[in-house]
Amino acid sequence: MSLDHLYMQRALLLAKNGLGTTAPNPMVGAVLVCNEKIIAEGYTSPYGGAHAEVNAINSVEDKSILANSTLYVTLEPCSHHGKTPPCADLIIKHNIPRVVIGTLDSHEKVAGKGKRMLEESGCKVTLGVLENACKEHHKRFLTFHQRKRPYIILKWAQTSDGFIAPDKNKRKAKAEPYWITNSYSRQIVHKWRSEEQAILVGTKTVLDDNPKLNTRSWAGTSPIRIVMDKKLNIGSNHHVLDVSSPTIVITQNTDEDKRAANIAYEVIDFSKNQTTQICQVLYKRNIISVLIEGGAKTLQTFIDENLWDEARVFTGKNNFKKGLKAPRMNKEAFKSITIESDILNIYSND
C-alpha cells in the first residue's frame, strides 16, 4: 500500500466519527502530513460547525510547517460560503502545496470548483485515491446531490415463515410493538436510527404499534420522524405526535383544524406516485438519508418502484403461521450476519 493510500485510509477512519451528526453536510475526514509524519487530523463537526480541513489546520500550532505539508481529504474541499467560509480558501491561505482528494463533491456549488481553485493557486492536486471507498463512505451525501433524493435504507423484521406482523388476535388491545427479534437486534436498529437523518413509517404501523421511533437504546440523536397519514387518522395519544423529536406528517388532508401543534405537515396527492412525492418532500427539506421502517405496504411500494439503496432484513426464529406477509425482495443478500437467534441479511440496490 502506498503512503497516499495509507493516509487516505486514516482520513476515512476519522470521517466515520461524523456519522449521524453532520447531515446535511458530508462527514469528511482530513489528515495533514509533513515529512511522512502525521501532524494533524480532523473530521467534520456537527452541522453548523467547522469542516474537517478547518479542524485539522487549526490544530497545528506552528502554521509555518503547513507550507511543507500534504493534506489528505476524503471529499473535495468546498469552494463556496455556507455556514462556514470555503475550505479551499483556507488551504490556499496557508500555502499547503499538495492536496490529495478521495473523490469530487457532487454538490452543484462545488463539483470540481474546489479542485480548480486549488490548482489555479499553484497547489498540486491528486484526485481519486481510494476513490471507491470514499464514494461508499459519502454515499448519503453523493446520492442526495446526484439523484436529488435522500439515500434510502429499508428495514424490517420477519419471522422464519415470512410474516412481518402477527394476526390481530395475537395483539393486545393496547397498541404496542410485537417483537420478532431479540434485544441485541433491536439495539442495533436504534444505533442505525442515530446514524440517519430521518425515519419514515406508514399510518398502519403507527396505529398498530404506537412506536416512538427514537434512539432510547443507543447514545445518539433521534432522527426526524416522517409519518405517512393520508387522512390524519393518527391521534394525539400516539408517540409520533409528542414533539419529543422533530416530526413531519405527509398527508392529503388539508384541514388545518386536524393538525397538531408544533408538527410540520406536507401535502401530497396519494393517488399519484407516492414514493416520488415523498422523495421530493425530503429533498426540499434537505434530508439526505432516511431509514424506512414500515409497514409492509410502505416498504413494498419503495421496492416495487425500485426506489431504495439498501435493505436490512432481520429474520427471527419464531413462526406466526398467519398474519401480515413480509415484503418481497427479489435480490440476493450480499452480507449475512448472525445475531444470537436472529439472522440479519443486507441487500444493495446497485
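Colleague: Which residues touch the most other members in the largest nonpolar core?

Modeller: In this predicted model, they are I152, L154, W156, I226 and I292, within a core of 31 residues.

Colleague: What does I226 touch, leaving aside residues up to four places away in sequence?

Modeller: I226 touches A198, I199, L200, V201, I248, I250, L282 and I287. Apart from the largest core lies another, of 27 residues, which includes A52, I57, L75 and L142.

Colleague: Turning to the sheet, how many strands form it, and in what order?

Modeller: Nine strands form an open sheet with mixed pairing, in the order β11-β10-β9-β8-β12-β6-β13-β16-β15. Its edge strands, β11 (264-267) and β15 (335-339), each pair on one side only. From one strand to the next, the twist averages 20°.

Colleague: Which helix lies across β9?

Modeller: That is α9 (residues 274-284), running at about 150° to β9. Helix α9 also lies across β6, β8, β10, β11 and β12.

Colleague: Now the charged residues: how many salt bridges are found in the whole structure?

Modeller: The search finds 17. In one of them, the side chains of R147 and D309 meet at 3.6 Å, N to O. R147 lies in helix α6 and D309 in the loop between α10 and β13, so this pair ties together parts that are 162 residues apart in sequence.

Colleague: Is D309 buried or exposed?

Modeller: D309 counts as buried because its relative accessibility is 7%, and buried means under 20%.

Colleague: What other salt bridge does D309 form with R149, and at what distance?

Modeller: The side chains of D309 and R149 meet at 2.8 Å, N to O. R149 is also buried, with a relative accessible area of 7%.

Technical notes: Residues are numbered from 1 along each chain as its sequence is written. This is a predicted model: local features need pLDDT of at least 70, side-chain atom pairs count only at pLDDT 80 or more; totals for chains, interfaces and linings use all residues. Side-chain values use heavy atoms; hydrogens and water are left out. A nonpolar core is a set of buried Ala, Val, Leu, Ile, Met, Phe, Trp, Tyr and Cys residues joined through side-chain atoms within 4.5 Å. Buried means under 20% relative accessible area, exposed over 50%, partly exposed in between (1.4 Å probe, protein chains only). Contact means heavy atoms within 4.5 Å. Two strands pair if DSSP finds at least two bridges between them. Helices (H or I, at least four residues) and strands (E, at least two) are DSSP runs, numbered from the N terminus. Axes are lines fitted to C-alpha atoms, for helices over the stretch in contact, and angles run from 0 to 180 degrees between N-to-C directions. A salt bridge is a side-chain nitrogen of Lys or Arg within 4 Å of a carboxyl oxygen of Asp or Glu.
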